[in-house]
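Visitor: I should like to learn how to read the features of a model such as this one. May we begin with the chain as a whole and then turn to its elements?

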Amino acid sequence: MSFFHAGPAPRNSGPRRGALRDGLDLTPGMAVGLFGGSFNPAHDGHAHVAETALRRLGLDRVVWLVSPQNPLKDARESAPLADRMASAAGAAKLAASGPSMIISDVETRMGTQWTVDTLRALVARHPGVRFVWLMGSDNLASFHKWRGWTDIARLMPMAVIARPGSLLDSRTAPAAARFAGARVPSERARLLPDLEAPAWTYLTAPLNPRSSTALRQAAKGSGA
């Protein structure tokens, strides 16, 4: 199986030019978690990641970045974007009520395919916002296969939230080894939004075993 090159992403790739309303109500000084994924479908495991980050990092907002299509996944397995947005909205309600959770299609609006380009654009568009990239530990295990993964780690602090079945793999992942010196103890996690990247922390919490793959398989089995 071939993988995408994991070196620095070229800076000439990225969002479309011109004015764009990204729909995010963010103001300078806010601590904001960016939580990307296909959410195909979203579930209470995603809610667990978002809620853990919101609470443990002291975030003002968590933005769920619903990807138009993950380039590392089969497009034939993806539900329409509108369905995945609705699924993410439902899962977000399990994590918190009120304005703290934002469901966003900004990647579709900007025309970005790669996470690194999306994050660069959001940092440029929202000066003064203290962004943190959020991911489950299952994603840290394969993070080194992402395009521009070292650029992401140097662009903003990152928080990794433990997920079932990936604890050992993620702690020994190439990305964890590459940035071992930048790891912040979990007891200092609330400092993360104010730290200069690279900086990352690993958060454990009661584990939620739900996964999108299992839900899709169950739906196929039931004929849904």
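Visitor: What share of the contacts in the chain with a separation of 6 or more comes from residues 24 or more positions apart?

Guide: The model is a predicted one. Residues 24 or more positions apart account for 81% of the contacts in the chain with a separation of 6 or more. The chain holds nine helices and six strands, and 47% of its 224 residues count as buried.

Visitor: How should one read the side chains of a strand, and which residues of E2 point one way and which the other way?

Guide: In a regular strand, side chains alternate between the two faces of the sheet. In E2, Arg 61, Val 63 and Leu 65 point one way, while Val 62, Trp 64 and Val 66 point the other way. Residues on both sides are buried; E2 is mostly covered, with six of its six residues buried.

Visitor: In which sense do E1 and E2 pair, and over how many bridges?

Guide: E1 pairs with E2 in the parallel sense, over six bridges. Within this pairing, Trp 64 of E2 has Phe 35 opposite.

Visitor: At what angle do helices H1 and H2 pack, and how far apart are their axes?

Guide: Helix H1, residues 44-57, packs against helix H2, residues 81-95, at an angle of about 50°, and the axes are 8 Å apart. An angle from 35 to 65 degrees is neither roughly parallel nor roughly perpendicular; H1 and H2 are therefore oblique to each other. The crossing in which H1 passes H2 is right-handed.

Visitor: Which residues of H1 and H2 meet?

Guide: From H1 come Asp 44, Ala 47, Ala 50 and Glu 51, which meet Ala 91, Leu 94 and Ala 95 of H2. By class, this contact has five nonpolar and two charged residues, and no polar ones.

Visitor: Which residues of helix H4 are buried, and what covers them?

Guide: In H4, residues 115-125, the buried positions are Val 116, Asp 117, Thr 118, Leu 119, Arg 120, Ala 121 and Leu 122. Their cover includes strands E1 (31-37), E2 (61-66) and E4 (130-136), together with helices H3 (106-110) and H6 (149-155).

Visitor: Is Met 110 of helix H3 buried or exposed?

Guide: Buried means under 20% relative accessible area. Met 110, which lies in helix H3, has a relative accessibility of 2% and therefore counts as buried. Its C-alpha atom is separated by 8.7 Å from that of Ala 121, a residue 11 residues away along the chain.

Notes. Residues are numbered from 1 along each chain as its sequence is written. This is a predicted model: local features need pLDDT of at least 70, side-chain atom pairs count only at pLDDT 80 or more; totals for chains, interfaces and linings use all residues. Side-chain values use heavy atoms; hydrogens and water are left out. Buried means under 20% relative accessible area, exposed over 50%, partly exposed in between (1.4 Å probe, protein chains only). Helices (H or I, at least four residues) and strands (E, at least two) are DSSP runs, numbered from the N terminus. Contact means heavy atoms within 4.5 Å. Axes are lines fitted to C-alpha atoms, for helices over the stretch in contact, and angles run from 0 to 180 degrees between N-to-C directions. Angles under 35 degrees count as roughly parallel, over 145 as roughly antiparallel, 65 to 115 as roughly perpendicular and the rest as oblique. A crossing is left-handed if the near helix is turned anticlockwise from the far one by less than a right angle, and right-handed if clockwise. Ala, Val, Leu, Ile, Met, Phe, Trp, Tyr, Cys and Pro count as nonpolar, Asp, Glu, Lys and Arg as charged, and the others, Gly among them, as polar. Two strands pair if DSSP finds at least two bridges between them.
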